[in-house]
Amino acid sequence: MFSSGVTRELTWVITTLWLLLFFCWLTDWWVESLIAYLVLYIFRQLWSMRKFEKWIEGGTVKAFPPASGFWSQLTYLVSRKQRALEKHADLQLYKSEQFKSASMLIPDAIVSLDQENHIEWFNASSAKILELRRQDVGRKIEGLIRQPEFIHYLKDEQYQDTLTIHSLQGVQRTFSVRVIPYFDSHKLLIVKDITELYNLAQIRRDFIANASHELRTPLTVLKGYLEAMIDTPGEHQKMWAPALQNMQNQSDRMQAIIEDLLTLSKMESETFSSEVEVVDVPAMLTRLRVEVEQLSQGQHQFSFHIDQDLKLKGYAEPLKSVFMNLVSNAVRYTPEQGRIEVRWFSDSDGAHFEVEDNGIGIAKEHIPRLTERFYRVDTARSRATGGTGLGLAIVKHVLERHQATLHVDSLIGRGSIFSCNFPVQRVVHQRSDSAL
Ligand code: ADP
């Protein structure tokens with residue numbers, strides 16, 4: 001019923017009371033003895049309390065206070081709890097030391113930063129890659145890594161992105177920089193040397209760009225001769241007309257693939273250097289409407305809902321290819337009499353370009369892969385309608401250049417909605433010249 005501390009105290013009280021009664025019976029000093037007993041008992045409690053208080057304040061677990069009964073049990077329980085806590089703290093310390101020693105072996109630079117970007121600790125590789133020294137702990141990272149791109153990246157706080165820089169602390173190598181926020185506004189800065197990986201990717205990019213460029217001229221010559229043969233009347237026409245036509249179609253397809261590969265290489269290139277301008281998207285979409293209506297040859301119903309005052313800070317030619325790719329896809333993957341709606345509008349999240357069709361739709365499992373190069377859901381249909389399999393890869397890269405995202409919503413047999421979402425900082429509200 002009682003805790004063991006209380007039981008101990010009760011046993012002590014009952015035993016001493018028995019002794020007291022025996023003493024009173026012998027001496028007949030009942031009142032005096034009882035008063036003396038009570039005074040002594042209270043004094044004993046106060047003395048034990050004082051000892052206990054001192055013991056707790058002193059914080060030493062080993063030296064127990066000279067107490068008995070309830071107080072000795074309490075002392076024992078508190079010291080047991082304290083020992084368990086210390087054991088836990090030792091374990092935590094061991095774990096954190098273990099983590100630190102492991103992170104010391106990681107070849108990437110890892111730096112822990114506080115809320116104001118002061119360095120808290122760093123691993124051994126940080127000394128090599130970022131040239132950090134012991135005495136830099138407590139200093140602001142911006143004062144030690146002064147690369148403008150890095151300072152901008154830290155300030156921008158868009159930590160879901162990775163920064164790629166080509167020199168760090170005077171070393172001309174390629175590094176990927178990543179900041180991961182953790183625990184109460186702290187940050188982990190991770191810098192990885194990706195020179196070899198980057199060079200390999202660059203070799204691949206250069207190869208595709210060079211091969212496409214080299215193929216362009218011979219193909220133009222072949223196409224020229226083919227056109228001449230098709231246009232020249234003569235005996236050969238009877239026998240070769242279908243073959244010549246087929247050759248012309250195939251060379252058109254090759255040309256489209258080469259042009260798309262070149263556009264993709266340009267978009268991927270680090271040296272992509274078009275000037276950002278205020279693109280008159282409404283005017284661009286008016287011209288595009290004429291082109292897609294020709295492509296559709298009257299087989300689809302179009303409706304365009306365009307905010308005439310909404311323009312965009314960006315790159316005109318690449319944006320045109322995004323809009324054209326999405327609307328021409330809607331034409332190519334929507335059967336005759338289908339509806340295609342094009343919307344250009346803005347809201348508090350930014351500007352949005354949407355193309356909705358009620359065409360064949362796309363099964364859910366294909367959607368995440370649509371922007372991969374040469375990924376097609378139905379290769380035969382794509383080829384038959386003049387597709388290269390590169391349209392949505394181009395869309396993705398151009399949108400990345402504009403910090404924009406592509407969102408695809410589709411149901412098989414019901415249709416699709418492709419939405420391009422541009423960030424607020426790219427939006428320009430300006431009356432079109434035609435609207436003035
Ligand atoms: P393609 O030249 O083959 O059209 P894209 O990269 O433009 O290549 O598109 C990739 C694939 O996505 C297409 O092959 C097609 O299967 C699918 N797709 C794209 N747009 C649509 C759409 N509006 N409706 C249905 N499927 C589409």
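Reader: Let's start with strand E1 (residues 109-113): over how many bridges does E1 pair with E5?
Author: Quick heads-up that this is a predicted model. E1 and E5 run antiparallel to each other. One of the matched pairs puts Ala109 opposite its bridge partner in E5, Val191. As for the number of bridges between E1 and E5, it's 5.

Reader: And E5's pairing with E4, how many bridges are there?
Author: E4 covers residues 175-182 and E5 covers residues 186-193, with the two running antiparallel. Among the matched residues, Phe175 has Asp193 as its bridge partner in E5, while Val177 stands opposite Val191. The bridge count for E4 and E5 is 8.

Reader: Which residue in the hairpin of E4 and E5 takes a positive phi?
Author: Look between the two strands, where the hairpin has 3 residues. The phi in question is near 25°. It belongs to Phe183.

Reader: Zooming out to the open sheet of 5 strands, which strands stand at its edges?
Author: Start from the order, which is E2-E1-E5-E4-E3 with antiparallel pairing. A strand at the edge has a single partner strand, so one side of it is left without a neighbour in the sheet. That description fits strand E2 (119-122) and strand E3 (163-165).

Reader: By what angle are neighbouring strands turned in that sheet?
Author: We're still on the open sheet with the order E2-E1-E5-E4-E3. The turn of neighbouring strands against each other is an average, with direction ignored. The value is 25°.

Reader: Gln169 caught my eye; which residue's backbone oxygen lies 3.0 Å from a polar atom of its side chain?
Author: Gln169 sits in the loop between E3 and E4. Skipping neighbours within four places in sequence, its contacts include Ile129, Glu131, Leu144, Ile145 and Gln147. The backbone oxygen at 3.0 Å comes from Leu130.

Reader: There's also a sheet of 3 strands; what does its twist average from one strand to the next?
Author: This one is open and antiparallel, ordered E6-E8-E13. Strand E6 (277-279) and strand E13 (427-429) each have a single partner strand, so both are edge strands with one side lacking a neighbour in the sheet. From one strand to the next, the twist averages 35°.

Reader: Which helix lies across E6 and E8?
Author: E6 and E8 (residues 310-314) are antiparallel and joined by 3 bridges, with Val279 having Leu312 as its bridge partner in E8. The helix across them spans residues 281-296 and runs at about 100° to E8. It's H8.

Reader: On to the ligand: how much of its 530 Å² does the protein bury?
Author: Polar side-chain atoms come up close to ligand oxygen atoms, at 2.9 Å for Asn329, 3.0 Å for Arg332 and 2.8 Å for Tyr333. Taken alone, the ligand exposes 530 Å². Of that area, the protein buries 98%.

Reader: Which element gives the largest share of the shell around the ligand?
Author: Helix H9 (316-332), helix H11 (391-401) and strand E12 (415-423) are the elements that each give two or more residues to this shell. The largest share is 3 residues. Those come from H9.

Reader: And how many residues of that shell are nonpolar?
Author: The ligand has 22 residues around it, with Asn329, Tyr333, Ser382, Gly389 and Leu392 the closest. Of the shell residues, 4 are charged and 8 are polar. The nonpolar count is 10.

Key:
Residues are numbered from 1 along each chain as its sequence is written. This is a predicted model: local features need pLDDT of at least 70, side-chain atom pairs count only at pLDDT 80 or more; totals for chains, interfaces and linings use all residues. Side-chain values use heavy atoms; hydrogens and water are left out. A residue is near a molecule or strand if one of its heavy atoms lies within 4 Å of it. A polar contact is a pair of N or O atoms within 3.5 Å; within protein, one must be able to donate a hydrogen and the other to accept it, and residues adjacent in sequence count only if both atoms are side-chain atoms. Accessible areas come from the Shrake-Rupley method with a 1.4 Å probe; for residues, only the protein chains shown count as cover. Helices (H or I, at least four residues) and strands (E, at least two) are DSSP runs, numbered from the N terminus. Ala, Val, Leu, Ile, Met, Phe, Trp, Tyr, Cys and Pro count as nonpolar, Asp, Glu, Lys and Arg as charged, and the others, Gly among them, as polar. Two strands pair if DSSP finds at least two bridges between them. Axes are lines fitted to C-alpha atoms, for helices over the stretch in contact, and angles run from 0 to 180 degrees between N-to-C directions. Contact means heavy atoms within 4.5 Å.
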